[in-house]
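User: I would like a careful look at one part of this model and its surroundings, beginning with a small point about cysteines.

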Amino acid sequence: MIDFIIARHGMTEPNTRGVCLGRSDVPLIPQGYEQAMRLAERMKDIKADAVFTSPLLRASDTAKCYMRAARLDIPLTEDPRLEERDWGDWEGVSFADVARDRPEEYAQFYGDIYNFTVPGGECSVNVQARVNELIDYIISEYDGKTVCLFTHLGTARHIISRLLGLAPEESWRFFLDTATYARIEYDTAAGNGLLKGLSN
């Protein structure tokens, strides 16, 4: 059994504008840092055996807040497989503006959200593949442990889908606000997970 904690980073400036935020390495804004501190306070009694984070600043800074609050004396492992989806040419653009300025791409995206590759970016298939690789590693190495993953909305959706045994296409049915987390108890023998909680 593995206790997975999947946490989303605090608020950034692009989040306030509702634009596509992928690989841009933007910091937390003051509100986002406050969110990260409150998240850390809620999570401080979770004594993780391993903590993995996206290398992007907004995720790693959120993870560091938790580790300080929980007084963990373990390494913080940065793993690029936890990075957000690469939005390519859509980076920094709202979906409303994509619909207006790139109607054909917008129609293709919503016609096949899972397989459509954003020009210059990646598709959900790619995100799911790298997430699966990391999850397989954690399952092989951390049975009986608690593992925290600090990541981004899109990536978190794919992690949750994988752990709950749902089709990758179902990942769009999940949403985590900034600085919230999901807790999933994963049965390594049975190969399936149980959602144990969602924070707010």
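Which cysteine holds the sulfur closest to that of Cys 20, and how far away is this sulfur? Please then go on to helix 7, with its partner helix 6 and the core to which both give residues.

Analyst: This is a predicted model, in which local features need pLDDT of at least 70 and side-chain atom pairs count only at pLDDT 80 or more, while totals for chains, interfaces and linings use all residues. Residues are numbered from 1 along each chain as its sequence is written, and side-chain values use heavy atoms, with hydrogens and water left out.

The closest cysteine sulfur to that of Cys 20 belongs to Cys 123, and because it lies 15 Å away, it is too far for a bond. The sulfur of Cys 148 has its closest cysteine sulfur in Cys 65, at 14 Å, which is again too far for a bond. The structure holds zero disulfides, a disulfide being a pair of cysteine sulfur atoms within 2.5 Å. Cys 20, at 4% relative accessibility, counts as buried, and Cys 148 is also buried, at 1%; here buried means under 20% relative accessible area, exposed over 50% and partly exposed in between, with a 1.4 Å probe and protein chains only.

Turning to helix 7, which spans 153-163, nine of its eleven residues are buried, so this helix is largely enclosed by the rest of the structure. (Helices are DSSP runs of H or I with at least four residues, strands are runs of E with at least two, and both are numbered from the N terminus.) The buried residues of helix 7 are Leu 153, Thr 155, Ala 156, Arg 157, His 158, Ile 159, Ile 160, Ser 161 and Leu 163. Their cover includes helix 6 together with strand 1, strand 4, strand 5 and strand 6 (192-198).

Helix 6 packs against helix 7 at an angle of about 55°, with the two axes 9 Å apart. Helix 6 is therefore oblique to helix 7, a term for angles that are neither under 35 degrees (roughly parallel), nor over 145 (roughly antiparallel), nor from 65 to 115 (roughly perpendicular). On the helix 6 side, the residues in contact (heavy atoms within 4.5 Å) include Val 127, Val 131, Ile 135 and Ile 139, and on the helix 7 side they are Thr 155, His 158, Ile 159, Arg 162 and Leu 163.

Both helices also give residues to the largest nonpolar core, a set of buried Ala, Val, Leu, Ile, Met, Phe, Trp, Tyr and Cys residues joined through side-chain atoms within 4.5 Å. Of the 25 residues in this core, Phe 4, Phe 52, Ile 138 and Leu 149 touch the most other members. Two or more residues come from each of strand 1 (2-8), strand 2 (50-53), helix 6 (124-141), strand 4 (146-151), helix 7 and strand 5 (181-187), with helix 6 giving the most, six residues. Leaving aside residues up to four places away in sequence, Phe 4 touches, among others, Ile 135, Ile 138, Leu 149 and Leu 163. Apart from this core lies another, of 20 residues, including Ile 5, Ala 7, Leu 39 and Phe 150.

The chain beyond helix 7 has its own backbone features. Gly 165, just after helix 7, takes a positive phi of about 75°. Ala 179, in the loop between helix 7 and strand 5, has a phi near 60°, a positive value in a residue other than glycine, and it counts as buried at 4% relative accessibility.

Note on methods
Axes are lines fitted to C-alpha atoms, for helices over the stretch in contact, and angles run from 0 to 180 degrees between N-to-C directions.
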